[in-house]
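Let's take a friendly walk through a protein model, looking at its cysteine links and then at a hollow inside it. Keep the structure in view as you read.

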Amino acid sequence: MLLSAAAGMVPARAQSTYKVAPPGVNAANIPGEPRVGPGEVTAAVEQIGSHPAHDDWPAYGRDTAATRFSPLEQITPQNAGQLTRAFVYHTGSKPAPGQANKWAAETTPIKVGDGLYMCTAMNDIVKLEPATGKEVWRHNVGVKYASIPYAAACKGVVYYTSSTVPEGQLCHNRILEGMLDMRLIEIDADTGKSCEGFGDHGQISLMKGMGEAAPGFVSMTAPPPIVNGAIVVNHQVLNGQRRWAPSGVIRGYDAETGKFLWAWDVNRPGDHSEPAEGQHYSRGTPNSWAPMTGDDALGLVYVPMGNSAVNYYSGMRSPEENRVSSAIVALDVKTGSPRWMFQTVHKDVWDYDVGSQPTMIDFPGQDGPVPALVVPTKRGQTFVLDRRDGKPILPVEERPVPVETDVKDDPRSPTQPWSVGMPRLGLPDLKESDMWGMSPIDQLFCRLQFRRAKYEGEFTAPSVDRPWIEFPGYNGGSDWGSVAYDARRGVLVANWNVTPVYQILTRRKADGLMPVDDPSFKAGGGAEGKGALADTPYGIMASPFWNRYTRLLCSKPPYGMITAIDMHTRKVLWQHPLGSARANGPWRIPTYLPLTIGTPNNGGPVITAGGVVFVGATTDNMLHAFDAANGKELWNDVLPGGGQATPMTYEYKGKQYVAIMAGGHHFMRTPVSDALVVYALPDNK
């Protein structure tokens, strides 16, 4: 439940008193230029992600449309069962002795020509030989443990071809990365050397104009898109800390030089400049942490938005913040001005921020293809929008939702949007009879907890006087793994979660909670667990709804599913639970039972022209291959760590490979590893 603060109520629209960051506060204090206004971008050349080579995977989502579809056909449903390991590469990035485990690599490599490029969980960049995994070069960036936010994660790097440096010269082709300590760097793709002409000797600080921030409070974990020569940068801000957390500002930088182009600051809508000396971007505004998608043709970047800094309480948000919270915002990459926005949740206090990268498709309309944007959500609602204006292509209904709450001065929205034209990636509302356990006593415990809690179905409003249940939870539906789309067949594939969340903070338990920038802070506050919600009247604890003795979820399985949808008819082609019980069990003891129960999952799917879907993500620590036509499992392999990452596939010298980072995930409680595992068919096959 929400907790009233002993110090009394905070004024509803109080203003932040935070100032510009003093030197040395953050590891990314790179010498910066004076305040500048919006700039002009250097003319760009077309990037390889727009039309990838047949054998490459040159972008995080394989192409700039983020389809996660490969045209490779060597691996098929007939031979996928013969896949074997081609090589394993160890990044060397794991917790050191004495360090708390905050690792969750989440990395998808990219492949361009003769190079396989990837980032480690702590942001080092490596180039590997695609056939052997031999390290060609490694660029060490020196990120410190203190800069890790909620997780040590790097989802991927960006490949960029210069429009000003001639072919054959240093930094004609570059690798770009946003880092945990809020640096943006560019290095030469062939040698791994810094691109001296970019920013300050190859790097720029993203802390400029951010104001005070403890290390780890803000960070980059997603690869920034480059749209018509502009690098568009978002960043993660730790949830649950304080109302006046650092800003969620979105910014544009020149891909050639690193010069500032524009800023979109939610509470400074008409000012796209950097803040004046001694000032900072608006604090506490909604941040965007998920991978964005760039549209060169329309000159737009599609930004999946999160919530304002205290995500379970909306009473202190400005109207501008409420308008863009948990929305897709289309920004003009020349100016940083919003062209359109579409909101997936109104006045979100359930942490239903948009974590998935949107996917661009040509929607098969009655009068021909329509330029569309597929927006998966944690609710399991999949919205299909016209990417020219943000209007729904498929019907969206506003439906009444529960509004009763005892949270003072924080009324709920009376309706929420439902995408009625797409199958819902979800299960029916919970019932007491859905509570289960390993024994009748476990089941009784969970039923009593269910009765004790407030639960009125989806969008149950928060409560101060008793716990409440959120279902699907903040890790529900489609999260950062997003979806895969095969335009040839018109098939969309998604893996998704149904994991309820129980909010159970009492006044006694909240005493002494401190935000991450307080000297008395103790690890544990963040997106999950206790959150101080400093500067507000409340505190929060959000945790999976489980039996605290056996550590099994109180709701019956499945907890994870995979679904294929025909986008021509919007009908489900096949759907079934995803993930087995082999590495799961009571008291976190693996059962080793090969029963497909459907486990929680993080990471996305890929689909190939050969008719195979690959997905890791599950807490059974396996990589799975499915027949894209009927969903039949064709093959699986046990990974050396949790496969909480999206796989990729590429071809090199006539041979198709499938790669996945098996780094594990501390929140998913899967084994941590530093292994990139790559598979191929035997040579004689």
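In this predicted model, a disulfide joins C446 to C554, with 2.1 Å from S to S. A disulfide is a covalent bond between the sulfur atoms of two cysteines. Try finding the two ends: C446 sits in helix α2 (residues 440-452), while C554 is in the loop between β33 (552-553) and β34 (560-566), so the bond ties together parts that are 108 residues apart in sequence. The torsion about this S-S bond is -70°, and the link of C446 and C554 is left-handed.

Are these two cysteines buried or exposed? Buried means under 20% relative accessible area. C446 has 1% relative accessibility, so C446 counts as buried. C554 has 0%, so C554 counts as buried too.

How many disulfides does the structure hold? There are 3, and here they are side by side.

| Disulfide | S to S distance | Torsion about S-S |
|---|---|---|
| C119 to C154 | 2.1 Å | about -100° |
| C171 to C195 | 2.1 Å | -105° |
| C446 to C554 | 2.1 Å | -70° |

Let's turn to C119 and C154. With a torsion of about -100°, their disulfide is left-handed. This pair links distant parts of the chain, 35 residues apart: C119 belongs to strand β4 (residues 115-119), and C154 to the loop between β6 (135-139) and β7 (158-161). Both C119 and C154 are buried.

Next come C171 and C195, whose link is left-handed as well. Here C171 lies in the loop between β7 and β8 (173-178), and C195 in the loop between β9 (183-188) and β10 (203-205), with their positions 24 residues apart in this link of distant parts of the chain. C171 and C195 are both buried.

What is the pairing when the bonded cysteines are numbered in sequence order? It reads 1-2, 3-4, 5-6.

Now for the hollow spaces. The count comes to 8 cavities of 30 Å³ or more. The second largest cavity has a volume of about 340 Å³. Its lining is made of 25 residues, and those nearest the centre of this cavity are A59, T64, V158, P225 and I226.

Which strand gives the most to this lining? That is β7, with 3 residues. Strands β7, β12 (226-227) and β17 (293-295) each supply at least two residues of the lining. By type, the lining of the second largest cavity divides into 16 nonpolar, 6 polar and 3 charged residues.

Methods:
Residues numbered from 1 in each chain as written. Predicted model: local features only at pLDDT ≥ 70, side-chain atom pairs only at ≥ 80, totals over all residues. Heavy atoms only, no water. Disulfide = S-S within 2.5 Å. Helix = DSSP H or I, 4+ residues; strand = E, 2+ residues; numbered from the N terminus. Buried < 20%, exposed > 50% of the residue type's maximum accessible area, 1.4 Å probe, protein only. 1 Å grid on protein atoms, 1.4 Å probe; cavity = no way out; pocket = protein on both sides within 12 Å on 5 of 7 lines; lining within 4 Å. Points joined across faces, edges and corners; volume = space filled by probe spheres on them. Nonpolar A, V, L, I, M, F, W, Y, C, P; charged D, E, K, R; others polar.
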